[in-house]
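Biologist: I'd like to learn how to read helix packing and cores in a model. Can you walk me through one?

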Amino acid sequence: PRFDKPRRWSLRLQYLSIFFGLTCFCFGLLFIIWPEQLNGLLEAQLGTTKFEKPMPDWKVTSLLAVFAVSWILWLYTLWLLSTLFGHYAKGRIFNLEPCLILRKLGVVMLFSAFIAFISPTLAVLIATVDNPAGEKALSISISSPMIYSLMAGGLLLIIGQIMTKAVEIDD
């Protein structure tokens, strides 16, 4: 009864990661089957309409690859959280495995902040690469969620490292 909440949270996160994975897969299929939708997404996400419509297949594939990296990072993060809560549900709080998972979560969050910074820039460059000189776009931005991801990732990495050393000293 003491670990019922973490066990329930672990199951919820596992279901959420499965749902999110299927959703991302469906969106990827939608953009491959119906590439005109990608144009609308780009206009909304990147704030520019200065790209070729309809897009060639290589651009659609490249943009899907850029967006897929962040989707995969989210799935991996949800899986790590699910695994972490699974350890907590079994009472393994101060073992080596949860500490290593915390460190991995920190690294993934740091990497996702970097990807969040670079992916819009890459997407704009891919979308406007064939434009004539003077009509190509370059967009660089930093937002609060990127800064929060950097801070949270660094914090998780440090906490995981400290807990790992504590477990090693305890053994």
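Modeller: Let's go through helix packing, the cores and one arginine. Keep in mind that this is a predicted model.

Biologist: How do α3 and α4 cross, and at roughly what angle?

Modeller: In general, you describe two packed helices by the angle between their axes and the distance between the axes. Here the axes of α3 and α4 come within 10 Å, crossing at roughly 165 degrees. Angles over 145 degrees count as roughly antiparallel, so α3 is roughly antiparallel to α4. The crossing of α3 and α4 is left-handed. Sorted by class, their contact has 22 nonpolar, seven polar and three charged residues.

Biologist: Which elements give two or more residues to the largest nonpolar core?

Modeller: A nonpolar core is a set of buried nonpolar residues joined through side-chain atoms. The largest one in this model has twelve residues, including Leu 73, Leu 80, Tyr 88, Val 108 and Met 163. Two or more residues come from each of α3 (57-89), α4 (96-128) and α5 (144-170). α4 gives the most, with six residues. Leaving out close sequence neighbours up to four places away, Val 108 touches Leu 73, Tyr 76, Thr 77 and Leu 80. There's also a second, separate core of nine residues, among them Leu 63, Phe 67, Ala 123 and Ile 126.

Biologist: And Arg 8, is that buried, partly exposed or exposed?

Modeller: Buried means under 20% relative accessible area and exposed means over 50%. Arg 8 has 41% relative accessibility, so Arg 8 counts as partly exposed. Arg 8 belongs to helix α1 (residues 4-33). Arg 8 and Gly 86 are 78 residues apart in sequence, yet their C-alpha atoms are 9.2 Å apart in space.

Note on methods:
Residues are numbered from 1 along each chain as its sequence is written. This is a predicted model: local features need pLDDT of at least 70, side-chain atom pairs count only at pLDDT 80 or more; totals for chains, interfaces and linings use all residues. Side-chain values use heavy atoms; hydrogens and water are left out. A nonpolar core is a set of buried Ala, Val, Leu, Ile, Met, Phe, Trp, Tyr and Cys residues joined through side-chain atoms within 4.5 Å. Buried means under 20% relative accessible area, exposed over 50%, partly exposed in between (1.4 Å probe, protein chains only). Helices (H or I, at least four residues) and strands (E, at least two) are DSSP runs, numbered from the N terminus. Contact means heavy atoms within 4.5 Å. Axes are lines fitted to C-alpha atoms, for helices over the stretch in contact, and angles run from 0 to 180 degrees between N-to-C directions. Angles under 35 degrees count as roughly parallel, over 145 as roughly antiparallel, 65 to 115 as roughly perpendicular and the rest as oblique. A crossing is left-handed if the near helix is turned anticlockwise from the far one by less than a right angle, and right-handed if clockwise. Ala, Val, Leu, Ile, Met, Phe, Trp, Tyr, Cys and Pro count as nonpolar, Asp, Glu, Lys and Arg as charged, and the others, Gly among them, as polar.
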